[in-house]
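Here is a short set of exercises, each with a worked solution. Take a look at the sequence and the structure, then work through them at your own pace.

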Amino acid sequence: MLEKKLLITALICSLAGIFIILSISESIEAKKYDIIKITKENLNENVIITGSIIKITETDELIITKVKDNTSQITVVIFKNKQKLDLKEGQIIEVEAKVIDYKGQLELQANKIKA
Amino acid sequence: MLLEISIAIILGVLAGCITGLVPGVHINLVSVLVVSFSALLFQITSPIIIAVFIISMAVTHTFLDTIPSIFLGAPEEETALSVLPGHKLLLKGKGYEAIILTLVGSLFSLIIAVIFSPIMAIIVNNVYPFLAKIMGILLITVSTFLIVKEKKSRMWALIIFLMAGVLGIATLNMPKLESPLFPLLSGLFGTSMLIISIINKTNIPKQQITNIKIDKKITAKALSSSLVAGSLVSFLPGLGPAQAAIIGSQITRKLGDRGFLILVGGLNTLSMILSFVALYILDKARNGAVVAVSQIVDNFTLNNLILMLGVTLVVGGIATLLTIKISKVFSTLISKVNYKLLCISIIILIVSLVAIISGPIGILILAVSTFIGIIPAELGIGRNHLMGCLLLPVILFFTL
């Protein structure tokens with residue numbers, strides 16, 4: 001029957017899709033880094049850091065924070081229209097962010113922040 | 001990450017079931033809502049997971065949206081042309097067969113899209129400037145051919161084409177009108193057909209769940225047309241699946257009603273998937289769901305595209321099973337309901353949705369398009385000329 005053939009094809013499709021997802025998800029998943037280990041080789045990669053906020057500056061569109069862990073510190077830029085957060089100095093946060101180059105300095109552009 | 005992807009796929013499939021089965025609720029509406037709430041969602045999950053949700057919803061929608069189109073006579077732009085041959089089969093007690101034919105198109109076009117998308121992307125990207133130059137002439141030729149082919153009355157075919165075309169131009173250029181295609185196509189292909197069914201006291205015969213056989217040659221023709229026409233509309237502006245169906249049916253002739261249903265089903269799914277490829281290759285978004293993904297995911301990388309293609313394969317498998325099950329339920333129920341009452345309910349639903357989404361101007365457009373949509377049926381002329389509502393604006397877009 002045609003339906004049986006469709007279901008078998010659908011099953012093969014799904015298995016192929018699962019295989020692709022399993023293969024690619026590791027390369028998409030952001031890896032945890034010590035701040036000191038983030039270098040220019042990580043440009044445009046998504047990384048995860050954990051640290052405490054040592055400085056917060058706000059503009060109309062951005063929140064610019066300095067985050068420090070045991071190894072170093074880095075600037076983390078947060079777009080206000082993408083994140084609605086109440087951040088305070090001294091707060092420990094986990095940040096998933098893209099590594100960017102801003103005027104020769106490495107910074108992180110936040111995708112997701114967990115307080 | 002895998003758990004998040006799985007949850008996003010399940011939620012996306014559920015959302016796609018709602019948008020696919022409920023007339024008037026489109027994935028663009030849900031995609032816009034997701035973008036509006038993205039600031040909140042980013043606290044829970046990452047952008048790529050939200051993109052997985054949107055594509056899961058979009059692909060499921062393309063599988064299921066032919067069910068209300070064929071069984072309830074309530075089409076969207078993408079499924080407008082499926083109403084005509086689909087309704088013919090429904091009146092013969094073969095509504096389930098019509099759905100399965102579109103499902104064949106959807107599933108196999110999905111596989112073809114995943115396999116051939118890199119090649120199609122390179123080809124279309126290179127021939128894009130040439131195609132844009134001749135598209136106007138090509139569409140004029142296709143439209144003229146369709147009118148000349150009309151057996152009953154070429155004059156009336158031309159009049160209907162031009163009336164629908166002028167209405168299409170006016171509607172698409174109307175300022176501050178939300179979702180202009182919704183009242184336009186609902187009237188031309190949906191409410192007009194429902195009113196005719198009420199007047200003619202149409203009864204839907206008992207639907208049969210039969211052993212369906214398809215001609216392999218016709219299926220191959222329909223799928224190859226779907227690939228060519230679908231690739232064009234995924235990468236070129238101003239064209240959608242409905243226009244692609246017209247072009248596709250002219251690329252390979254003598255498809256018949258069954259082949260045409262495979263073509264329409266295939267185009268719907270294929271153009272959605274290739275739109276994501278166009279986002280990666282051309283950095284251009286060609287439909288609402290892709291626009292939402294481009295706003296949520298800043299940098300759409302090759303790895304993101306490969307993940308999306310993997311997700312479409314999984315969702316295609318799930319949606320195939322859902323389509324078969326749900327269409328069997330519809331087949332069982334449709335002949336048990338009072339069809340006149342069902343038609344009236346659908347008309348009320350469409351009018352209400354048009355009023356909410358498009359406002360009073362939308363109601364006016366719905367009324368006018370309904371009256372125009374009734375004319376070909378009363379004259380015994382092909383309703384395909386009503387596609388002038390989209391063809392004429394696109395011809396002018398490419399020629400002026």
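Is B:Glu97 buried or exposed? Keep in mind as you work that this is a predicted model.

**Exercise 1. Place B:Glu97 and find its partner.**

Solution. Start with the accessibility: B:Glu97 has a relative accessible area of 5%. Buried means under 20%, so B:Glu97 is buried.

Next, look for the partner. B:Glu97 forms a salt bridge with B:Arg258, and the closest N and O atoms are 1.9 Å apart. The cut-off for such a pair is within 4 Å.

Now place both ends on the chain. B:Glu97 belongs to helix α7 (residues 95–149) of chain B and B:Arg258 to helix α12 (residues 256–282) of chain B, so the pair ties together parts that are 161 residues apart in sequence.

Finally, check the other end: B:Arg258 has a relative accessible area of 31%, which makes this residue partly exposed.

**Exercise 2. How many salt bridges does a search of the whole structure find? Describe the one that involves A:Glu94.**

Solution. The search finds two salt bridges over all chains. A:Glu94 meets A:Lys32 through their side chains, at 3.8 Å from N to O. A:Glu94 sits in strand β5 (residues 92–102) of chain A and A:Lys32 in strand β1 (residues 31–32) of chain A, so this salt bridge ties together parts that are 62 residues apart in sequence.

Then compare each value with the cut-offs. A:Glu94, at 25% relative accessible area, is partly exposed. A:Lys32, at 64% relative accessibility, counts as exposed.

**Exercise 3. At what angle do the axes of helix α9 and helix α15 of chain B cross?**

Solution. A general idea helps here: two packed helices are described by the angle between their axes and the distance between the axes. For helix α9 (residues 181–199) and helix α15 (residues 339–379) of chain B, the axes come within 3 Å and cross at roughly 45°. That angle makes α9(B) oblique to α15(B). To finish, sort the contact by class: α9(B) and α15(B) meet with 22 nonpolar, ten polar and two charged residues.

**Exercise 4. Which residues form a nonpolar patch on the surface?**

Solution. The members are A:Leu11, A:Leu15, A:Ile18, A:Leu22 and B:Leu2, and together they have about 460 Å² of accessible area. Helix α1 (residues 2–28) of chain A gives the most to this patch, with four residues. On the other chain, B:Leu2 lies in helix α1 (residues 2–21) of chain B. B:Leu2 counts as partly exposed because its relative accessibility is 37%.

One patch member also serves for a distance check. A:Leu22 and A:Thr59 are 37 residues apart in sequence, and their C-alpha atoms are 40 Å apart in space. A:Thr59 is placed in the loop between β2 (46–58) and β3 (62–68) of chain A.

**Exercise 5. What is the phi value of A:Lys103, and what is that of B:Lys176?**

Solution. Take A:Lys103 to begin with: phi is near 55°, a positive value in a residue other than glycine. A:Lys103 lies in the loop between β5 and β6 (105–114) of chain A, and at 73% relative accessibility this lysine counts as exposed.

Now turn to B:Lys176, which has a positive phi of about 55° although it is not a glycine. B:Lys176 is found in the loop between α8 (154–172) and α9 of chain B. With a relative accessible area of 85%, B:Lys176 is exposed.

Notes
Residues numbered from 1 in each chain as written. Chains lettered and ligands numbered in written order. Predicted model: local features only at pLDDT ≥ 70, side-chain atom pairs only at ≥ 80, totals over all residues. Heavy atoms only, no water. Axes fitted to C-alpha atoms, helices over the stretch in contact; angles between N-to-C directions. Helix = DSSP H or I, 4+ residues; strand = E, 2+ residues; numbered from the N terminus. Parallel < 35°, antiparallel > 145°, perpendicular 65-115°, else oblique. Nonpolar A, V, L, I, M, F, W, Y, C, P; charged D, E, K, R; others polar. Patch = residues over 30% accessible without salt bridge, like charges linked within 9 Å, V, L, I, M, F, W, Y side chains within 5 Å. Areas by Shrake-Rupley, 256 points an atom, 1.4 Å probe, with all protein chains shown as cover. Buried < 20%, exposed > 50% of the residue type's maximum accessible area, 1.4 Å probe, protein only.
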